[in-house]
Amino acid sequence: MRLFDTHTHLDAPQFDEDREEVISRAREAGVTKMINIGFNRETIPTTMKLAETYDYIYAAVGWHPVDAIDMKEGDLEWIASLCSHPKVVAIGEIGLDYYWDTSPKEVQHEVLRKQIGLARELNMPICIHNRDAHEDVVRILREEKANEVGGVMHSFSGSWETAKMCLDLGFHLGFGGPVTFKNARVPKEVLAKTPLDRLLIETDSPYLTPHPFRGKRNESSYVKLVAEAAAEIKGIDLQELAEITYTNALVRFGIV
């Protein structure tokens, strides 16, 4: 069985004591590919180092909405220059975050629009972070013609109505730990309705840890728990779910 964790943060300080062991456990669990996310001035270099160290770790680079206020002149060009690296497969995570009040909305909007423009210029898929900003995210994706490159709605948390709009724009939906939670009715309902060929699985480790480890540090090996929950929701065999989502990720991110 092959599993693909399409969104992880293995360079996070939570892994400083046992990073190699965490990566080894993921491999033992059948996770043969991972995308590490570099999202600001600190994590982009560490993400690139991971991608260059491990054959099976790929990179996405972008500017997170929480850090939008810190984006300086030249940072967009930096991201653009890294996108020519053979291990960089997406621009992200980018988007809007109305939960953490660190960057003004208008700054977040500007930074998101610039990065979608860059993605279209370079023909790169994007990884969208969306927290409490469903309406504005969809509107900006439409206005900036993000459908020309598509991408993934990371850790999708919206309604089926929002999901349909994202699917219509050519995006895949990424699901993680929340689909394993007993009371997570909406994510489970959305996953159930999501076409199999648009489904991706992820951990967002070290965050959003799935049941039964909720409350503890998440890690990429736990993407198998997400796959098991998704397979049950879809009413298909785990092996089939794993292979479908693995192939989806290869196609979505242009990995040969």
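Which strand gives the largest share of the lining of the largest pocket? The model considered here is predicted, and in it the answer is strand 5, from which three lining residues come. To see where this pocket and a second one stand within the structure, it is useful to begin with the strands at the start of the chain.

Strand 1, residues 3-8, runs parallel to strand 2, and four bridges join the two. One point of reference along this pair is D5, which stands opposite M34 in strand 2. Between the two strands the chain passes through helix 1, and the resulting β-α-β crossover is right-handed.

Strand 2 also pairs with strand 3, residues 57-61, again in the parallel sense, over five bridges. Here N36 stands opposite A59 in strand 3. The chain travels from strand 2 to strand 3 by way of helix 2, in a β-α-β crossover that is likewise right-handed.

Strand 2 therefore has a partner in strand 1 and another in strand 3. How many of the eight residues of strand 2 are buried? Seven of them are, that is, they have under 20% relative accessible area. Because of this, strand 2, which spans residues 31-38, is largely enclosed by the rest of the structure.

The helices of these two crossovers lead to the second largest pocket. Helix 1 (19-28) and helix 2 (43-53) are the elements that each give two or more residues to its lining. Helix 2 gives the most, with four residues. The pocket holds about 200 Å³ of space. Its lining is formed by D11, D16, R19, E20, T46, K49, L50, T53 and Y54. By class, five of these residues are charged, two are polar and two are nonpolar.

The largest pocket, with which this account opened, contains about 750 Å³ of space. It is lined by 30 residues, and those closest to its centre are H129, R131, S155, D204 and L208. Two or more lining residues come from each of strand 4 (88-97), strand 5 (126-131) and helix 7 (185-193). The lining of the largest pocket comprises 15 nonpolar, nine polar and six charged residues.

Taken together, these features give the reader two places to examine. The second largest pocket draws on helix 1 and helix 2, the helices through which the chain crosses from strand 1 to strand 2 and from strand 2 to strand 3. The largest pocket takes the largest share of its lining from strand 5, with strand 4 and helix 7 also among the contributing elements.

Note on methods. Residues are numbered from 1 along each chain as its sequence is written. This is a predicted model: local features need pLDDT of at least 70, side-chain atom pairs count only at pLDDT 80 or more; totals for chains, interfaces and linings use all residues. Side-chain values use heavy atoms; hydrogens and water are left out. On a 1 Å grid over the protein atoms alone, a cavity is a set of points where a 1.4 Å probe fits but cannot get out, and a pocket is an open set with protein on both sides within 12 Å along at least five of seven lines; lining residues have an atom within 4 Å of a point. Grid points are joined across faces, edges and corners, and a volume is the space filled by probe spheres set on the points. Ala, Val, Leu, Ile, Met, Phe, Trp, Tyr, Cys and Pro count as nonpolar, Asp, Glu, Lys and Arg as charged, and the others, Gly among them, as polar. Buried means under 20% relative accessible area, exposed over 50%, partly exposed in between (1.4 Å probe, protein chains only). Two strands pair if DSSP finds at least two bridges between them. A crossover is right-handed if, with the strands pointing away from the viewer, the path from the first strand over the helix to the second runs clockwise.
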